[in-house]
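Please open the model in your viewer and keep the sequence panel beside it. The stops below say what to select next and what is there.

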Amino acid sequence: MTRALLPPVWRALPRRALAAAAAAGLLLAGLPRMQSGPPDPLVGLYALRAAALAFALGLAFLLDDPARHITSAVPARRPVRVALRVALVAPGAALCWTAALLLVPEEARPPVGALTLEAAATAVLALAGAALVIRGTQATEPGAAISAWLVAMGAVAFLLLPHDWVLFVTPDDPRWADTHDRWAALLAVAALVGARACVEPLKARLRLRAF
């Protein structure tokens, strides 16, 4: 059954949104190479953070499905359909992030592991938000709303979080390690919430059984 689902799921992917996000992210990651003078580590840091946000904005559209109310009646449950979408785009997402890291000159590149953790948490947060909207509403295309919410939450995190809960610091800041402990916790919570949101509500499962 899973193999039979692959072609329709592949055709249903929001390719334009994903391609636009990938192009924007790679362009942002390449900005440090366009500046004159020696590479600036601060520019490299924020270029990669901007690229991670751009990639996540594209992933916010991953669960968009205008035919959602038709495909919900197929035998494969929602977790399977969502997992297929994620599996199909995961290699491309990993490739884009690797390319973004390599676009930043080595002299200006921040710690790769820490920035990859930030990017992963942001991406999973976008997917979890989209899954929650689909679970709790009849919306078929939550991507636009989730992308706007993600940008707003990023601005709030950057500007309004108290000193002890800040998420965006530079590598030379003594809070760097503690900050990335919070990023790891955010990733874990987002993954758990997203996985739970992918489970179809009881009423939906009962309707499927009625078919």
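In which helix is the place of T179? Select residues 176–197, which form helix α9, and T179 will be found in that helix; helices here are DSSP runs of H or I with at least four residues, strands are runs of E with at least two, and both are numbered from the N terminus.

Before going further, please keep in mind that this is a predicted model, in which local features need pLDDT of at least 70 and side-chain atom pairs count only at pLDDT 80 or more, while totals for chains, interfaces and linings use all residues. Residues are numbered from 1 along each chain as its sequence is written, and side-chain values use heavy atoms, with hydrogens and water left out.

**T179 and its surroundings**

With T179 still selected, note that its relative accessibility is 0%, so T179 counts as buried; buried means under 20% relative accessible area, exposed means over 50%, and partly exposed lies in between, using a 1.4 Å probe and protein chains only. Once the neighbours within four places in sequence are set aside, T179 is in contact with V166, L167, F168 and V169, where contact means heavy atoms within 4.5 Å.

**The whole chain**

Now zoom out and colour by secondary structure: the chain has 10 helices and 0 strands, and reading along the sequence gives the pattern α-α-α-α-α-α-α-α-α-α. Of the 211 residues in the chain, 38% are buried. Among the contacts in the chain with a separation of 6 or more, 76% are between residues 24 or more positions apart.

**Helices α7 and α9**

Next, add residues 112–136, helix α7, to the display of α9; the axes of these two helices come within 8 Å and cross at roughly 30°, an axis being a line fitted to C-alpha atoms over the stretch in contact, with angles running from 0 to 180 degrees between N-to-C directions. The helices α7 and α9 are therefore roughly parallel to each other, given that angles under 35 degrees count as roughly parallel, over 145 as roughly antiparallel, 65 to 115 as roughly perpendicular and the rest as oblique. Their crossing is left-handed, a term used if the near helix is turned anticlockwise from the far one by less than a right angle, with right-handed used if clockwise. The residues of the contact of α7 with α9 comprise 19 nonpolar, 3 polar and 3 charged; Ala, Val, Leu, Ile, Met, Phe, Trp, Tyr, Cys and Pro count as nonpolar, Asp, Glu, Lys and Arg as charged, and the others, Gly among them, as polar.

To follow one residue of α9, select V193, which lies in that helix and is partly exposed, with a relative accessible area of 31%. Although V193 and L132 are 61 residues apart in sequence, their C-alpha atoms are 8.1 Å apart in space.

**Helices α6 and α7**

Keep α7 on screen and select helix α6, residues 78–103. The axes of α6 and α7 come within 12 Å and cross at roughly 150°, and that makes α6 roughly antiparallel to α7. The contact is made by R78, W97 and L101 of α6 together with V112, L115, T116, A119, I134 and R135 of α7; by class these are 6 nonpolar, 1 polar and 2 charged.

Within this contact, pick out R135, which is found in α7 and counts as partly exposed at 26% relative accessibility. The C-alpha atoms of R135 and R78 are separated by 9.8 Å, while the two residues are 57 apart along the chain.

**R85 within α6**

Is R85, a residue of helix α6, buried or exposed? Its relative accessible area is 7%, so R85 is buried. Leaving aside the neighbours within four places in sequence, R85 is in contact with V9, A12, L13, P14, L62, L63, D64 and D65.

**Helices α4 and α6**

Finally, add residues 41–59, helix α4, whose axis comes within 10 Å of that of α6 and crosses it at roughly 165°; α4 and α6 are therefore roughly antiparallel to each other, and their crossing is right-handed. The contact is made by L48, A52, F55 and L59 of α4 and by V89, C96, W97, A100 and L101 of α6, a set with 9 nonpolar, no polar and no charged residues.
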